[in-house]
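Reader: I like to know what stands behind each label before I trust it. Could we go through this structure together and ask how each term is earned?

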Amino acid sequence: MAKFFAVTIIAIAILSAIPILRHTWWMAEDISTHGAPIDEQMSETMAEAGISFLASQFILAFFIWKFSNPKPGDKVKNFPGGAKAMVWAAVLLVGTEVLALGVFGVKAWANVYFTPPAADAMPIQVQAGQFAFYFRYPGPDGKFGPIHPDHISEATQNFYGLDTDHDPDSKDDIVTAQMAVPVNREIHLFMHTKDVGHSFFVPELRVQQDFVPGLDLSLHFTATKIGKYEIVCTQLCGLGHYNMKAYLSVMSQQDFDNWLKQQAALQ
Amino acid sequence: MHDMAKHDAAAHHAPTSFIGKHVFSLDHKVIGKQYYGLALLAALVGMGLSWLMRIHLGWTNLAIPGLHLLTKNGAPGNVMTPEFYLQLMTMHATIMVFFVLTTAPFAAFGNYFLPIQVGAEDMPFPHFNMMSFWVTFVAFLVLVSSFFVGQGPTLGGWTQYAPLSALGEVGGPGEGTGVVLWAASIGIFCIGQLLGSLNFITTTLDMRTRGMSLWRLPLSAWAWFITSCMGLTAFAVLMPACILLILDHVAGTSFFVSSNIVINDQLQPHSGGSTLLWQHLFWFFGHPEVYIAIVPGMGIVSHVLITNMRKPMLSHRVLIYSMGALAVLSYMVYGHHMFVSGMNPVSALAFSFPTLVITIPSTIVVLIWLGSLYGAKLRINTASLFGLGFISMFISGGVSGFFLAQPSTDIMLHATYFVVGHFHLVMGVAAMFGIFAGTYFWFPKMFGRMMNESLGKAHFWLSFVGAYAVFMPFHYLGMAGNVRRYQAFTPDYMQRLIPLHQFITVAALVTGAAQLIFLYNLIHSRFRGEPASDNPWQATSLEWSTPTTPPPHNNFGDKLPEVFHDPYQYGVEGAAGDYVMQTSPEKITTGHDEA
């Protein structure tokens with residue numbers, strides 16, 4: 001039975017690794033300018049974790065195979081290096097792994113979070129709420145009008161609580177249910193929620209960021225490939241959480257300008 | 001330490017009434033069995049809930065016969081509503097994490113065996129001990145009662161992130177009374193854990209018998225001791241957090257709710273609270289909780305494997321230091337749950353580093369186990385199979401931690417099924433395997449009968465292969481961006497993942513059904529099992545030196561044992577064969593004494 005167990009462990013380890021090696025189910029294609037180091041980090045981590053996984057399972061299986069069902073006269077033996085060898089192996093192998101991953105990982109993270117957006121990045125606002133995203137473009141004046149939470153009304157479709165009668169900056173603001181951005185243009189996304197916690201996840205863009213009640217957060221990214229992608233909520237926000245999604249259309253500058261004009265006409 | 005133990009024993013006579021013996025018992029062994037029974041009941045409920053969830057995830061519109069019995073509005077035509085799915089999910093997780101993974105390996109086995117392994121007649125505070133079980137039982141009833149009150153249980157997940165959890169019914173079904181009952185239940189549960197931890201710590205430090213130095217304690221006792229130190233500090237943070245959450249509901253406070261929240265076009269009457277405060281408090285408890293669930297398993301599995309390898313671990317002390325390091329580091333890593341939470345991105349790096357470092361003591365533990373297998377005389381029985389299975393699961397669940405420890409890769413994997421796969425393997429399945437290893441190993445001592453080995457092995461094989469079939473694919477789903485806590489996969493890119501979900505559902509139903517073999521074995525062997533000898537595994541620690549099996553009320557009869565050796569004197573030539581018991585006064589020339 002021990003030998004069968006050993007073979008089972010090895011079979012499971014190999015079978016588990018195959019879909020990973022073949023990328024049967026894998027991350028969506030990266031369409032961001034900052035995503036490459038994240039993907040690289042993912043691959044490096046996968047290599048290191050994969051080797052640790054396979055090596056440990058194989059050793060476990062091999063020792064189970066070799067040291068079970070002893071004969072009556074057998075004596076127990078000790079691993080030649082003793083515990084010291086194990087501690088050193090763990091400290092050196094994993095320590096190096098940890099340092100390497102830690103140091104390179106910082107670069108990938110810093111790329112996203114410690115690099116400020118360019119001064120001419122295009123501002124877009126996103127508001128999350130149970131269970132939809134709404135986007136706001138500042139219009140020709142380049143300014144977002146102030147939000148009045150007590151004016152927010154789904155009934156009158158005033159999703160942002162704008163007061164166009166009194167706030168001149170709000171007059172030309174464009175609020176949409178889907179998001180569009182021009183390709184290869186940096187976007188500065190200002191995020192807030194009107195109710196509970198939500199999250200903004202676009203796998204292709206390599207961004208995921210929570211919305212936090214009471215906090216104004218921001219993200220910046222540049223999409224490099226024209227197409228239609230999905231924005232999904234990843235923070236449990238209530239019964240409609242699974243259905244809280246929107247589309248992100250990455251367009252040529254001209255298509256985007258036309259789209260924005262159409263949206264402005266609909267306001 | 002003897003005086004105290006003796007003094008306590010004098011006030012601690014064997015009860016004669018049924019209630020004193022089996023219900024409000026002061027005997028740590030009975031309390032341990034009560035905890036085990038509660039964990040078993042909770043595990044069956046939790047598993048039942050997971051079956052319902054899995055069926056729904058595979059076939060969303062399928063009617064599940066009888067589902068309406070569990071809910072007032074959650075299953076029209078026996079088809080699960082989105083909110084009812086979330087309610088089942090929340091209850092599954094809460095029941096499993098608190099009432100199974102914390103209760104069985106720590107409170108159940110710890111209660112039964114810690115006092116015996118240190119050589120004491122009981123715990124130092126038997127009334128606290130009894131109370132700890134009964135408040136835990138009440139906590140369970142309070143939690144389950146939420147199925148039958150108002151709009152049902154909370155749907156906010158076991159993490160109960162604010163402000164969803166703090167706003168009341170306006171946040172969604174079950175977010176009012178459901179949350180209050182959840183928070184009350186967990187608050188009460190914390191009291192039980194605090195009382196239990198106090199008892200465990202005092203038992204370990206003050207109740208050891210003559211000759212039982214700290215280094216002579218078995219690894220299981222060390223694991224329970226380390227876990228109780230974690231429990232004392234972690235639950236002490238969760239309890240006030242739960243109280244504050246309840247106050248946000250019933251006293252009009254706003255600890256966790258910020259200003260300007262609009263729901264249903266209504267500005268909510270809250271201001272000034274902090275959403276992230278809840279996350280910090282919760283995860284300061286939540287991450288140590290992961291180790292509270294797994295460290296006892298490490299101790300139990302080490303204890304079981306040593307007996308079945310017929311040799312001690314490469315180093316007793318290195319294992320103890322490593323478990324201690326895990327406990328200390330577990331408080332410094334909790335921020336990795338919050339990388340994309342809006343917390344300062346510099347903090348993400350600060351939390352990432354200790355999270356990566358914690359893999360070092362984990363790896364040391366694994367390598368010590370593997371290195372100790374070298375040259376062993378390994379006995380294959382159900383207990384050792386589950387012990388070895390534990391190691392395999394712990395490795396598989398551990399390596400995925402590398403991805404979640406780094407903020408940059410976490411961007412892609414946070415809140416996906418990758419996380420679900422990771423924690424189910426490392427703290428769910430591994431901890432369950434620890435419980436199973438402990439059960440098959442200690443059952444003869446607890447009930448005086450052996451468990452059926454053939455049924456045990458069938459249980460093992462189905463569980464081992466089944467658990468991998470269920471939880472390995474979770475990682476693939478996560479890599480493909482499958483978000484967790486969805487009751488249906490409506491985004492276009494998740495559609496192609498549904499067949500994989502259906503595969504998982506089938507695997508989960510089969511693996512779950514295999515647990516019924518265990519249940520049958522447990523009940524059948526309790527009454528019909530082969531009678532067990534005092535020391536059926538030829539083991540060395542004190543639980544195998546009791547004058548009777550199961551042990552008498554005061555564990556050791558008239559005289560407390562005296563200890564002469566380290567706990568694991570295997571592979572030496574002793575009077576009894578290849579082992580020398582801790583209580584044996586015989587001199588050993590080839591021993592492993594480290595103390």
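Author: Gladly; what follows takes confidence, helix packing, domains and the contact between chains in turn. Please keep in mind that this is a predicted model.

Reader: How do you know how confident the predictor is, for the model and for chain B?

Author: The model has an ipTM of 0.97 and a pTM of 0.96. For chain B, the mean pLDDT is 94, and 97% of the residues reach at least 70.

Reader: Which part of chain B has the lowest confidence, and which the highest?

Author: H1(B) is lowest, with a mean of 45, while helix H16 (residues 453-479) of chain B is highest at 98. Residues 1-11 of chain B have a pLDDT below 50, although this stretch has 17 contacts in the model beyond near neighbours in sequence. Predicted coordinates should not be read in detail where pLDDT is low.

Reader: Now the helices. Why are H1(A) and H2(A) called roughly antiparallel?

Author: Their axes cross at roughly 165°, and angles over 145 degrees count as roughly antiparallel. The value of roughly 165° is over that cut-off, so H1(A) and H2(A) are roughly antiparallel to each other. The two axes come within 7 Å, and the crossing is left-handed.

Reader: What makes the contact between H1(A) and H2(A), by class of residue?

Author: There are 17 nonpolar, two polar and one charged residues in it. From H1(A), the participants include A:Phe5, A:Ile9 and A:Ala13; from H2(A), they include A:Phe53, A:Leu54 and A:Trp65. A:Lys3 of H1(A) also takes part, and Lys counts as charged.

Reader: How do you know which label suits H3(A) and H10(B)?

Author: H3(A) packs with helix H10 (residues 345-357) of chain B at an angle of about 165°, with the axes 11 Å apart. Set against the cut-off of 145 degrees, that angle makes H3(A) and H10(B) roughly antiparallel, therefore. The crossing here is right-handed. Among the residues in contact are A:Val98, A:Leu101 and A:Trp109 of H3(A), along with B:Leu349, B:Phe353 and B:Leu356 of H10(B). By class, this contact has 11 nonpolar, three polar and no charged residues.

Reader: What makes up the side of chain A that touches chain B?

Author: The contact takes 89 residues from chain A and 90 residues from chain B. On the side of chain A, at least two residues each come from helices H1 (2-21), H2 (35-67) and H3 (82-113) and from strands E7 (207-211) and E9 (227-232). H3(A) has the largest share, 17 residues. By class, this side has 51 nonpolar, 27 polar and 11 charged residues.

Reader: How is chain A divided into domains, and how do they meet?

Author: The domain assignment gives domain 1 (2-70 + 79-113) and domain 2 (122-266). Their centres are separated by 39 Å, and 10 residues of domain 1 are in contact with 10 residues of domain 2. The side of domain 1 that touches domain 2 has four nonpolar, four polar and two charged residues.

Reader: And which domains does chain B have?

Author: For chain B the assignment gives domain 1 (1-258), domain 2 (284-532) and domain 3 (535-595). The centres of domains 1 and 3 of chain B are separated by 34 Å. In their contact, 21 residues of domain 1 meet 17 residues of domain 3. H4(B) gives the most to the domain 1 side, with four residues.

Terms used:
Residues numbered from 1 in each chain as written. Chains lettered and ligands numbered in written order. Predicted model: local features only at pLDDT ≥ 70, side-chain atom pairs only at ≥ 80, totals over all residues. Contact = placed C-beta atoms within 7 Å. Domains from an automatic or database assignment. Axes fitted to C-alpha atoms, helices over the stretch in contact; angles between N-to-C directions. Parallel < 35°, antiparallel > 145°, perpendicular 65-115°, else oblique. Left-handed = near helix turned anticlockwise from the far one by under 90°. pLDDT = per-residue confidence, 0-100.
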